[in-house]
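Visitor: I'd like a close look at one part of this model, the aromatic side chains and the empty space around them. Could you walk me through it?

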Amino acid sequence: GIQSILFTYIFKYLGLSQTLSTFLTNILLAINYGFALFGGVLADLKLGHFKIICFGLILNVLSFCTLIITRYFYVLGNDSNSTILGLSLVSLFGIAVSNGSMKASLSKFLSDQFWDNEITFRAQFFTWFYLSIQFSSILGTIFSPIVLFQFAPGSGKRPMQQDGPWMIFSVLGTVVILGCVFFLIPWKRYRRLKPSGINFFRRNKSEKSKEETEETILLLKFFAVLPIFWCAYSQIYSAWVAQAQQMERKMQWGAWIYEIPEGLVVSLNPVMDLILVPVLTKFIFPTLRMGDMTRMGFGILCSILAMVAQGIVELAMTKSVVNVWWITIQVFFISCAEVGLAITVFQFVYSRAPSCSRELISGMWLASLALGNFLSALLGFVDPSMRYLVAFVLAGVLLAYLLIFIPAAARYWKQHKDVIKDGSITSKH
């Protein structure tokens, strides 16, 4: 709910420049994933997952309360713009830290609530757990931009009805408070395991450990493309929202005219994911006998096409007014790339890796997300009129990696035929 309006809120409501708004949007996303790595490591080494989750929930509640109060006094005219700006940025930073710190711990903590003989129940629970995350993501990315657009200045009779951010923060804050209460009510009944450390760094120096280390390092090379991919992917939350702001967004059916909020661009990705994940993984990939290596190549190609599409649209916008629906092409390609590349790489490396290094694999995955968003933040300083050049440069970098990946993947496949069937990995660990 926050991510879909983050750029718009910083740009339109806090009054910062488009360049700085793009930078801050991606920095906050980078902080989110960076603290996911930090929180996971801290939970494994010292505090445990329950304490990390409690910290995240309490910080989240405090941050949302600060945002709500800040917007309330702003609408009533009791605070200066500098105070609003400072408190808002601090609160957004708190939300990024709190959400990030809980990412790695929540699924592990919930998994700990099941005993070893409850594998079936655990699998059923996590099916619904991840489905609820996807559903809430779609609901939040649709709800927030529409509310922000509908409750604009002059739209309501009362002052608070004319401030979209206050309405959104109030609703999301209420949900967060309720979630915190429901989580903490049965706190005495939770099964809390002691921190066990990171297994990869607690092994002995046997010959088997050396082999596992070498194999882990080899597999981590597949992560090399991910920071660039996540850099391209994170354009959805900043550059593509800014792009949508400058496009024709009015739709007309007869006498009914509606202007599409620019933030709805963000909601296209989870909606497409919900469709593309089953279609690609259950039908298209198996029908075409596309193994993991081929899927990765397909994902890189789709990410290239997404960046090329963005660049072409940006160039077209310099000469004429472009309808916002053209942006769905680049969202479609980046969503296909997410399924083909990002999801496949993680599953491939995680299933092939020695069990002792899987925590490290998860950590490096989060690190790639943080680094990708940080790179995107740096690209935010490029002049908006040159966004097409950024898109083409990213496409060029991804193309170079694809040309390197194809022969490297072929060599890896030949060397590991014993554990690969039809191009798909079969774990031997």
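Which residues form one aromatic cluster?

Guide: Keep in mind that this is a predicted model. The cluster you're after is made up of Phe-223, Phe-229, Trp-230, Tyr-233, Tyr-237 and Trp-365. Three of its members turn up again around a void: Trp-230, Tyr-233 and Tyr-237 are among the residues lining the second largest cavity, along with Gln-3, Leu-29, Tyr-33, Ser-234, Leu-369 and Asn-373. That cavity holds about 60 Å³ of space. Sorted by class, its lining comes out as six nonpolar and three polar residues, with no charged ones. At least two lining residues come from each of H2, helix H8 (226-233) and H13.

Now for the other void, since the model has two cavities of 30 Å³ or more. The largest one has about 150 Å³ of space and a lining of 17 residues. Nearest its centre you'll find Thr-22, Ala-239, Leu-379, Gly-380 and Arg-387. H2 is the top contributor here, giving four residues to the lining, while helix H9 (239-245), helix H13 (358-379) and helix H14 (387-415) each put in at least two. The class split for this lining is seven nonpolar, nine polar and one charged.

Back to the rings. A pair is described by how far apart the centres are and by the angle of the planes. The model has 20 aromatic pairs in total. One of them joins Phe-35 and Phe-38, an edge-to-face pair with centres 5.8 Å apart and 75 degrees between the planes. Both residues sit in helix H2 (residues 18-47), three residues apart, or about one turn of the helix. Phe-35 counts as partly exposed because its relative accessibility is 27%, and partly exposed covers the range between 20% and 50%.

Phe-50 and Tyr-190 make a pair of another kind: with ring centres 5.9 Å apart and planes at 50 degrees, the pair is tilted, because edge-to-face needs over 60 degrees and stacked under 30. Phe-50 belongs to helix H3 (residues 49-75), and Tyr-190 to the loop between helix H6 (164-184) and helix H7 (207-220), so this pair ties together parts 140 residues apart in sequence. Phe-50 is buried, as its relative accessible area is 10%. Its ring has a charged partner too: Arg-192 lies over the face of Phe-50, 4.4 Å from the ring centre.

Conventions. Residues numbered from 1 in each chain as written. Predicted model: local features only at pLDDT ≥ 70, side-chain atom pairs only at ≥ 80, totals over all residues. Heavy atoms only, no water. Phe/Tyr/Trp six-rings, centres within 6.5 Å; stacked < 30°, edge-to-face > 60°. Buried < 20%, exposed > 50% of the residue type's maximum accessible area, 1.4 Å probe, protein only. Lys NZ or Arg CZ within 6 Å of the ring centre and 35° of its normal. 1 Å grid on protein atoms, 1.4 Å probe; cavity = no way out; pocket = protein on both sides within 12 Å on 5 of 7 lines; lining within 4 Å. Points joined across faces, edges and corners; volume = space filled by probe spheres on them. Nonpolar A, V, L, I, M, F, W, Y, C, P; charged D, E, K, R; others polar.
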